[in-house]
Amino acid sequence: MPFQGALPGIKFALGENPKRSNFTPPPGVEPRYPATRLGVEETIREAFIQARDYKKQWADYNEKKGTGEQNLLPPRRDEKLEPLVEVLDGKRYIHSHCYRADEILMLIRVANEFGFKIRTFQHVLEGYKIADEIAASGAGGSTFSDWWAYKMEAFDAIPYNAALMTERGVVVSINSDDAEEARHLNQEAAKSMKYGGLSANDALKLITLNPAIQLGIDSRVGSIDVGKDADLAIFNRDPLSVYAVVQKTLIDGQVYFDRQRDIDGRPALEKEKQDLLAKEKKAEEEKKASKKTEAKPEKKPDQKKKRPPTNQDNATGSARGAQ
């Protein structure tokens with residue numbers, strides 16, 4: 001999503017997704033590398049080694065060019081490595097899909113080795129096991145409220161994950177990973193009050209200020225403060241209640257949804273719908289009638305066909321003439 005002033009991001013995937021645990025190539029096709037968790041780590045490390053070398057090549061070129069050296073050839077552009085150079089320069093965020101504690105620690109070690117930061121660990125279902133290490137690295141955690149056991153690496157998840165990471169100093173958000181669940185993300189955040197005892201204010205931050213911090217856009221959105229964008233959702237009761245219903249939605253101060261206006265406009269929308277359905281039905285009936293007319297053969301007036309005279313006709317005619 002384009003957002004003025006926001007740094008771009010890049011997604012890293014760890015675990016079963018990149019190593020393709022559940023994918024068997026068809027006969028005759030070689031398995032794709034990496035096929036193990038160690039292979040995933042090696043792939044990431046090798047990519048950053050190349051990015052580091054690529055960055056140095058350009059630095060050396062620009063330095064020589066700055067001294068006035070002539071007849072220089074610039075390094076060949078590599079669009080695969082340039083986003084990783086941006087990561088090394090702190091100009092692009094890494095958001096890493098992950099589940100297991102050992103893989104999270106692995107990526108933290110790789111980041112420390114190459115001098116970059118992980119912005120958020122996404123899903124991070126075993127984050128509660130290593131919350132101190134995640135907090136010390138400066139990374140955030142974007143997790144589910146209570147999804148687990150849908151594949152092997154998600155079996156150690158617990159519903160207390162968000163609260164436990166929050167208590168240890170991790171900036172945590174609740175994500176949906178699902179279009180349906182995104183519709184009631186406020187209720188997903190409220191579960192952290194039951195599972196972990198977060199305060200209502202801290203629970204609300206899981207879907208407002210904290211994700212804005214993770215994306216680096218908290219200076220403009222995420223809380224109701226003077227000078228920020230007027231992006232507001234107005235509920236008829238506590239937003240963390242299962243009975244809460246949105247009454248108005250404002251984006252940049254403009255009303256995009258008004259529940260009462262929506263209710264008042266429903267009869268007109270229903271009439272428009274029925275009119276369109278009737279129009280469609282009529283058009284379909286006319287189309288069928290037209291096809292039936294075209295299918296019927298055109299009737300021609302009866303005409304007696306003249307047939308050539310036969311020997312019998314000739315004989316009859318001769319007899320009549322003789323009489």
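This is a short talk on one pocket and a few backbone and burial features of a single structure.

Before the details, note that the model is predicted.

I'll start with the second largest pocket. Its volume is about 410 Å³. The lining is made up of 18 residues. Nearest the pocket centre are Phe 12, Val 40, Thr 43, Ile 44 and Ala 47. Which elements supply at least two residues each of that lining? They are β1, residues 9–13, and α2, residues 37–66. The element that gives the most is α2, with 7 residues. By residue class, the lining of this pocket divides into 12 nonpolar, 2 polar and 4 charged.

Next, the backbone. As a reminder, most peptide bonds are trans, and most residues other than glycine have a negative phi. There are three places to look at against that background.

The peptide bond joining Tyr 33 and Pro 34 is cis, with omega about 0°. As for where that is, Pro 34 sits in the loop between α1, residues 16–19, and α2. So far, then, α2 has come up twice: as the main contributor to the pocket lining, and as the helix at one end of the loop holding Pro 34.

The other two places concern phi. His 123 has a phi near 80°, which is positive, and this residue is not a glycine. His 123 belongs to strand β3, residues 120–123. Val 124 also has a positive phi, about 40°, and again is not a glycine. Val 124 is in the loop between β3 and α5, the latter being residues 131–137.

Are these two residues buried or exposed? With a cut-off of under 20% relative accessible area for buried, His 123 counts as buried because its value is 6%. Val 124 is buried too, because its relative accessible area is 0%.

Last, Thr 120, which is also in strand β3. Its relative accessible area is 2%, so by that cut-off Thr 120 is buried. What is Thr 120 in contact with, leaving aside its neighbours within four places in sequence? The partners are Ile 94, His 95, Ser 96, Gly 140 and Gln 214.

To recap what to look for in the viewer: the pocket with Phe 12, Val 40, Thr 43, Ile 44 and Ala 47 nearest its centre; the cis bond between Tyr 33 and Pro 34; the positive phi values of His 123 and Val 124; and the contacts of Thr 120, including the one with Gln 214.

Key:
Residues numbered from 1 in each chain as written. Predicted model: local features only at pLDDT ≥ 70, side-chain atom pairs only at ≥ 80, totals over all residues. Heavy atoms only, no water. 1 Å grid on protein atoms, 1.4 Å probe; cavity = no way out; pocket = protein on both sides within 12 Å on 5 of 7 lines; lining within 4 Å. Points joined across faces, edges and corners; volume = space filled by probe spheres on them. Helix = DSSP H or I, 4+ residues; strand = E, 2+ residues; numbered from the N terminus. Nonpolar A, V, L, I, M, F, W, Y, C, P; charged D, E, K, R; others polar. Buried < 20%, exposed > 50% of the residue type's maximum accessible area, 1.4 Å probe, protein only. Contact = heavy atoms within 4.5 Å.
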